[in-house]
Amino acid sequence: MALLEVEGISKIFTQRKKPPHIVLENMSFTVERGQYVSLLGPSGCGKTTLLTMMGGFLTPDAGEIILAGNKVEKPGPDRGFVFQNYALFPWMTVKENILYSLQVKKLSKQEQNKRLHELLEISHLFGSENKYPVQLSGGMQQRVAVVRALASRPEILLLDEPLGAVDFQMRELLQEELAALVEGAKTTVVMVTHDVNESVYLSDRVIVMSADRGQIVKDVYIDLDRPRDRQSEDFKAYVSELTELVRQAFREKNVELQPDFVQKDVNDNMQTNFTNAYNRMSSRYTNVSHGRVAK
Amino acid sequence: MERNGSTISTDTIVKLTPGDIFDKYRGTFYSLVVVTILLIAWYFAANRIQNTLLLPYFQETAREFLTAWFDYRIMSNLALTLRRVFTGFLYAFIIGIPLGLLMGYSQTALQAFSPIMNSVRQVPIMAWVPLSIIWFGLGDGPTVFLIAMSAVFPLVINTIAGVNGIDPNYYNAARSMGASLPDIIRDIVVPGALPSILTGCRLAMGFGWMSVICAEFIATSAGFGFLMVEAQIRLETAQLYALMVMSGLVGFVIDKGFLIIEKKLTSWRFKDGFVGS
């Protein structure tokens with residue numbers, strides 16, 4: 001059985017005085033244990049929304065996400081989440097940040113120190129454990145964020161554009177660090193990115209999403225040895241193939257209000273769920289626009 | 001020495017003093033220059049006006065100011081006023097911080113409380129004097145009430161702002177690491193809002209200190225403010241000036257004290273940033 005199952009996920013955003021916006025419609029895929037999967041797509045394709053739902057911070061309007069047999073309903077330490085801005089607590093030292101998940105679990109000091117030692121080891125952060133996040137370089141902050149997410153030994157690591165705010169020069173260096181760190185931790189990863197190069201460098205598998213309703217354009221397996229050589233012909237071939245797919249995905253965006261119910265291989269049951277969710281949202285939208293507006 | 005001397009040699013004033021020490025106290029030096037200029041201006045203005053009721057001589061005021069610190073009556077009244085300020089501040093703190101945290105954290109609480117708070121806040125603090133005398137009589141009661149009243153709003157408002165300013169991802173991060181609501185309040189809400197809360201404390205203390213002097217003009221027959229009214233009635237303008245300078249100085253020292261507490265409690269904000277690429 002797959003570690004992570006995404007089954008018929010739909011998400012619709014409603015805003016006052018605007019038609020409901022279908023971010024994701026009936027999306028399904030699975031992730032095997034140990035896989036590094038990238039969700040690649042133009043901005044606004046719903047990839048971050050999907051990751052946020054995997055994290056449990058947002059509830060899907062239809063469908064469900066199942067991790068290791070359990071339905072995802074709220075955030076929990078079985079999923080390590082690395083935020084785009086890292087969200088390190090600035091008032092805590094590196095050590096306190098890394099050990100936070102163990103501290104709220106009230107593990108013994110001995111266990112905490114043991115785990116801290118392991119995590120500092122794989123992240124090469126020895127000597128910085130008593131520093132505050134502001135005293136760290138971008139790369140060190142990234143490493144702290146990743147090992148903090150790994151501290152509770154999660155089933156899966158969820159990375160939301162972990163290098164989105166880093167300049168081009170730093171980026172490749174940090175990608176190498178990230179690859180080494182994740183490899184060392186032997187964990188399953190789902191990463192959101194809009195950088196084709198990054199997705200090819202890091203992942204076993206790239207899921208390309210379209211800008212319209214987050215449909216899967218293509219599911220590409222990257223069959224390259226690690227560590228990967230960015231200069232190799234095979235690497236470049238993957239990059240140009242995926243670049244073309246993303247471009248295509250971007251062009252496919254069509255603005256339409258009603259959901260298109262004619263689909264290739266849809267599970268009827270899921271489709272009904274989605275239709276119900278859509279109708280619910282639409283009626284709410286209508287109610288709000290005609291009713292009184294609460295201040 | 002050599003290094004510092006060469007980097008700031010373009011500055012003409014620096015050449016006169018040992019560079020290292022001066023660099024550290026540059027700000028203090030400039031403010032002392034301004035104070036000295038003002039005092040000299042006062043000295044000459046008083047000599048020219050020749051009316052001690054309006055503007056007492058500088059020397060006389062200075063004498064009053066220096067002896068005041070050893071005057072038992074003045075010092076005991078100052079102590080009384082300070083006690084009132086801290087008591088009033090404490091009440092404001094006990095009410096204001098939890099209320100601010102609640103209103104910052106819960107949208108419902110904000111909607112429920114903010115209209116009433118924003119209207120009560122508009123009533124000038126002096127307008128509370130008659131009512132506070134009716135409620136508490138004369139003496140400590142009304143003054144403490146007025147201090148608490150003027151200190152509570154900056155505390156609440158700054159606490160709300162502090163909680164609202166917390167990055168929502170901090171909550172998400174904490175929840176994904178298994179934190180419960182009490183954990184989140186203790187580890188995220190309070191430390192995250194702390195810088196703003198401490199700014200609120202400084203403002204609240206300042207307002208408290210200002211309003212206590214006013215309250216003591218009217219609602220009591222003891223305290224630092226009362227001494228001022230007394231000096232005015234006795235036409236001892238020099239003493240009045242000295243007391244005013246003292247009240248400014250005491251307020252300044254309290255504020256500095258809070259700044260030190262702020263640096264201690266939120267030391268993470270004052271760490272040197274990462275240097276390098």
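Biologist: Which residues of α6(A) are buried, and what makes a residue count as buried?

Modeller: In this predicted model, the buried residues of α6(A) are A:Q175, A:L178, A:V182 and A:A185; a residue is called buried if 20 or more other C-beta atoms lie within 10 Å of its own, and these four residues are therefore the ones in the helix that meet that cut-off.

Biologist: Why do you say that the buried residues of α6(A) line one face of the helix?

Modeller: Seen down the axis of α6(A), the buried residues fall within an arc of 105°, so they line one face. What they pack against, all in chain A, is β3 (36-40), α4 (109-123), α5 (138-150), β8 (188-193) and α7 (196-202).

Biologist: How do you know what span is expected of α6(A), and what span does the helix reach?

Modeller: Helix α6 (residues 168-185) of chain A has 18 residues, and from its first C-alpha to its last it reaches 26 Å, which is close to the 26 Å expected at 1.5 Å a residue. Just after α6(A), A:K186 takes a positive phi of about 50°.

Biologist: What makes β2 and β5 of chain A edge strands?

Modeller: The open sheet has four strands in the order β2-β1-β4-β5 (chain A), with antiparallel pairing; β2 (21-31) and β5 (70-71) each have a single partner strand, so one side of each is left without a neighbour in the sheet.

Biologist: How do you know that β4(A) and β5(A) pair?

Modeller: Pairing requires at least two bridges, and strand β4 (residues 62-67) of chain A and β5(A) pair over two bridges in the antiparallel sense, with A:I66 standing opposite A:K71 in β5(A).

How values were computed:
Residues numbered from 1 in each chain as written. Chains lettered and ligands numbered in written order. Predicted model: local features only at pLDDT ≥ 70, side-chain atom pairs only at ≥ 80, totals over all residues. Expected span 1.5 Å × (residues − 1). Buried ≥ 20, exposed ≤ 12 C-beta atoms within 10 Å, placed from the backbone. Arc of directions from axis to C-beta. Contact = placed C-beta atoms within 7 Å.
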